[in-house]
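Visitor: Before we start, I would like to ask how each label used for this structure is earned, and to hear the reasoning as well as the verdict.

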Amino acid sequence: LHMGKTMKEDLTVVVKYIKQLYPPEFDVFSTYAELYHNYFASQAKENAESHLEDKDVYLLLSWVHNFYPKDMRKDHALAEELEKVKLGSLLPTNLSKELETKYLDSEEATIKNSLSKCLDKEIQRWKEDKEPDKLNGHFQSELLAIFVIQSIYSGQKRAKDISAAAGEELSRRMSKELPAFLKSYKDAFEDFKEKSKKHRYYKPILIASINNCWNFRDYVEKNMAEKDDNKASILSTLSDIENSGFDVLLQQLFAQLKPSYKKFTENKWDSSNEIMNEIIKNTSKHISDFRTLKDPFYHAIIEKIHARLVKEYIVRLLKRKVSLKTPAQQQNLAQNISKNAADLEAFCTSNGSQATWLNSALPKLAEIIRLQDIGAIKIEVATLATKYPDIRKRHMEAFLYIKANLSRSELKSILGYLSDSRASTPPAAPLFSNINIS
């Protein structure tokens, strides 16, 4: 700092007051500049070849790549004159590269160590079984994500401040570090999930951990290129953590709903409205707990619930427990299904489900039960298959068991029509492919 200040001030004096006292051909400024530069460079080289602490390596590199060429040599009073004098770098290229490698290795190790300690602290917080903090009504443990992201970002910025090349190299190294950290986080999360079920704040801690994923997602989406393979790896790991957490949060609800769904076929669908009200009531109790999830995750878990409620209803329709011979009986069942479908849709939508793709499944099935004209049934089946391309002949065959007044030839004709209408590519959001026919 002292040499830099002295060189800058002295050369400024040379430009302003001394230069004009010498003949132009003497080029006095060049003489002064080269002498000062050579001395400064010799001191820098001497320092570089001695044993330096990590912070000193960073400071010396900052002088070589940043302060000296930019702050000093680009100074408005000196820049024009210094442009005429080709002074070069403070350090030889090989020595500068050696220091850069040492710095990058040190920075990488420091960040790795920092992330490891951060994860250890997070695991310790889980073990303490304390209720996580809330921010805007959402459980959070955001210090983890903020600290990890800040550590990586700060390291990249420090490297970039030295030189663009150093910044790119550290970014390349760190692009592998975040996926590795998140895999360790996922392993720790899975371990906690399996071993800590009796903790008082088990679910709030799971929810806070899921919410953590949003900060990482947001950072990755904004700061990593689409073509970066590490981006896909990171987003996949985050999805694994989120879905694993959702599965645990939904286990109890789905287990409670199972007996209710069995009642549909046990009661021959006669009291289906009461049963659907019971399902909605039980589901509603659980949903209130899920509001502590951040909004994107709340919507995601509500859509999982929506899909499960529709799927379980279809499962009961495919159980071959009810066979109706008369159009009047079929009409009655179709009305019940339509009413149940409307109640289910209203409930899920009012609670934030955006899975509108599910809403036509049950009404379409109800319409197939209601219709008696074979041609009309075929059209409805084709429409259903277009909307839900993962439906298979085995599903429709099980479903049409309800319509006991269909002849074998009519049944075969309808199923053949379905086969012709089926899409070859799997759907983005499967429904029927998750339903096994026993």
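Visitor: Which residues line the largest cavity?

Guide: In this predicted model, the lining of the largest cavity is made by His 306, Val 310, Ala 341, Leu 344, Glu 345, Leu 358, Asn 359, Leu 362 and Pro 363. The elements that contribute two or more residues to that lining are helix H11 (295-317), helix H12 (327-350) and helix H13 (361-370), and H12 provides the largest share, three residues.

Visitor: What makes a space a cavity, and how many cavities of 30 Å³ or more does the structure hold?

Guide: A space is called a cavity because a 1.4 Å probe fits there but cannot get out. The structure holds two such cavities of 30 Å³ or more, the largest with about 50 Å³ of space and the second largest with a volume of about 30 Å³.

Visitor: How do the residues of the two linings divide by class?

Guide: Around the largest cavity there are six nonpolar, two polar and one charged residue, while the lining of the second largest cavity has four nonpolar, one polar and four charged residues. The residues lining the second largest cavity include Thr 265, Trp 269, Arg 316, Arg 320 and Ile 402.

Visitor: Why is Trp 269 called buried?

Guide: Buried means under 20% relative accessible area, and Trp 269, at 2% relative accessibility, therefore counts as buried. Trp 269 lies in the loop between H9 and H10, and its phi is near 65°, a positive value in a residue other than glycine.

Visitor: What makes Arg 320 partly exposed?

Guide: Partly exposed is the class between under 20% and over 50%, so Arg 320, at 35% relative accessibility, counts as partly exposed. Arg 320 sits in the loop between H11 and H12, and its phi is near 55°, which is again a positive value in a residue other than glycine.

Visitor: How do you know that the span of H12 is close to what is expected?

Guide: H12 has 24 residues, and its first and last C-alpha atoms are 34 Å apart, to be set against the 34 Å expected at 1.5 Å a residue. Among the buried residues of H12 are Leu 333, Ile 337, Ala 341, Leu 344 and Phe 347, and what covers the buried residues of H12 includes helix H9 (229-266), helix H10 (272-290), H11 and H13. After H12 comes Gly 352, whose phi is positive, near 105°.

Visitor: Why is H8 said to be largely enclosed by the rest of the structure?

Guide: The verdict rests on a count, because 16 of the 22 residues of H8 are buried. Its span also agrees with expectation, since the 22 residues of helix H8 (residues 202-223) should span 32 Å at 1.5 Å a residue and the end C-alpha atoms are 33 Å apart.

Visitor: Which residues touch the most other members of the largest nonpolar core?

Guide: That core has 132 residues, and those touching the most other members are Leu 178, Phe 181, Phe 216, Ile 314, Leu 362, Met 396 and Phe 399. The largest share of this core, 13 residues, comes from H9. Leaving aside residues up to four places away in sequence, Leu 362 touches Val 310, Tyr 313, Ile 314, Leu 317, Ile 337, Ala 341 and Leu 344.

Visitor: Why is Ala 33 called buried?

Guide: The cut-off is under 20%, and Ala 33, with a relative accessible area of 0%, is therefore buried. Ala 33 is found in helix H2 (residues 28-48), and its contacts, not counting residues up to four places away in sequence, are Met 7, Leu 11, Leu 82, Val 85 and Leu 87. The C-alpha atoms of Ala 33 and Leu 11 are separated by 6.9 Å, although these residues are 22 residues apart along the chain.

Visitor: Is Asn 282 buried or exposed, and what makes it so?

Guide: With a relative accessible area of 18%, Asn 282 falls under the 20% limit and so is buried. Asn 282 belongs to helix H10 and touches Leu 253, Leu 257 and Ser 260, not counting residues up to four places away in sequence.

Note on methods:
Residues numbered from 1 in each chain as written. Predicted model: local features only at pLDDT ≥ 70, side-chain atom pairs only at ≥ 80, totals over all residues. Heavy atoms only, no water. 1 Å grid on protein atoms, 1.4 Å probe; cavity = no way out; pocket = protein on both sides within 12 Å on 5 of 7 lines; lining within 4 Å. Points joined across faces, edges and corners; volume = space filled by probe spheres on them. Helix = DSSP H or I, 4+ residues; strand = E, 2+ residues; numbered from the N terminus. Nonpolar A, V, L, I, M, F, W, Y, C, P; charged D, E, K, R; others polar. Expected span 1.5 Å × (residues − 1). Buried < 20%, exposed > 50% of the residue type's maximum accessible area, 1.4 Å probe, protein only. Contact = heavy atoms within 4.5 Å. Core = buried A, V, L, I, M, F, W, Y, C linked by side-chain atoms within 4.5 Å.
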